[in-house]
Amino acid sequence: MADAQEVVLSEREKQCLRWVEKGKSSWAIGVILDVSVNTVNFHIKNAMRKLETISRTQCVVKARRLGLLD
C-alpha cells in the first residue's frame, strides 16, 4: 500500500486532482489549465498509479488523507 513517505505527486498532478475534487471533468480542467484532455488524463492516471487507486474519486480521497493536496 502506498503511503505518504514514498508517494511524490508532481505539481500538475496535484493541480488536476484539486480540480477533480471540485467536480470538474477532464475537459473542463484542460480548459482551466490550458492543456489538452489527454494531458489532464495523463496526469490523473499517473497520480492514480502512484496512489494505487482505480478511480479519480478514490485517488483524490487517498491523496487528501495522506496530506498530499494541502
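This report describes how helices, salt bridges and surface residues are arranged in one protein model. The model is a predicted one, and every value below is computed from it.

**Helix 1 against helix 3**

Helix 1 covers residues 11-21, and its axis comes within 9 Å of the axis of helix 3, the two crossing at roughly 95 degrees. Because angles from 65 to 115 degrees count as roughly perpendicular, helix 1 and helix 3 are described as roughly perpendicular to each other. On the side of helix 1 the contact is made by R12, E13, C16, L17 and V20, while helix 3 contributes V40, H43, I44, N46, A47 and K50.

One of these residues, E13, lies in helix 1 and counts as buried because its relative accessibility is 3%, where buried means under 20%. Leaving aside residues up to four places away in sequence, E13 touches V8, H43, N46, A47 and K50.

**Salt bridges**

A search of the whole structure finds four salt bridges, among them the three in the table.

| Pair | Closest N to O distance |
|---|---|
| K50 and E13 | 2.9 Å |
| R64 and E21 | 2.7 Å |
| D70 and R64 | 3.2 Å |

The salt bridge of K50 with E13 links distant parts of the chain, since K50 belongs to helix 3 and E13 to helix 1, with their positions 37 residues apart. In contrast to the buried E13, K50 is partly exposed, with a relative accessible area of 26%.

The side chains of R64 and E21 also meet in a salt bridge, and this pair joins helix 4, where R64 is placed, to helix 1, where E21 is placed, across 43 residues of chain. Both partners are partly exposed, R64 with a relative accessible area of 32% and E21 with 39%. D70, which forms a salt bridge with R64, counts as exposed at 73% relative accessibility, and together E21, R64 and D70 are linked in a network of salt bridges.

**Helix 4 and the surface**

In helix 4, the residues C59, V60, K62 and A63 are buried, and what covers the buried residues of this helix includes helix 1 and helix 3. T57, placed in the same helix, which runs over residues 56-65, is instead exposed, with a relative accessible area of 56%. Helix 4 is followed by G67, whose phi is positive, near 75 degrees.

Elsewhere on the surface, W27, V31 and V37 form a nonpolar patch with about 320 Å² of accessible area together. Of these, V37 is found in helix 3, residues 37-50, and is partly exposed, with a relative accessible area of 32%.

Terms used
Residues are numbered from 1 along each chain as its sequence is written. This is a predicted model: local features need pLDDT of at least 70, side-chain atom pairs count only at pLDDT 80 or more; totals for chains, interfaces and linings use all residues. Side-chain values use heavy atoms; hydrogens and water are left out. Helices (H or I, at least four residues) and strands (E, at least two) are DSSP runs, numbered from the N terminus. Buried means under 20% relative accessible area, exposed over 50%, partly exposed in between (1.4 Å probe, protein chains only). Patches are made of residues with over 30% relative accessible area and no salt bridge: like charges are joined within 9 Å, nonpolar side chains (Val, Leu, Ile, Met, Phe, Trp, Tyr) within 5 Å. Accessible areas come from the Shrake-Rupley method with a 1.4 Å probe; for residues, only the protein chains shown count as cover. Axes are lines fitted to C-alpha atoms, for helices over the stretch in contact, and angles run from 0 to 180 degrees between N-to-C directions. Angles under 35 degrees count as roughly parallel, over 145 as roughly antiparallel, 65 to 115 as roughly perpendicular and the rest as oblique. Contact means heavy atoms within 4.5 Å.
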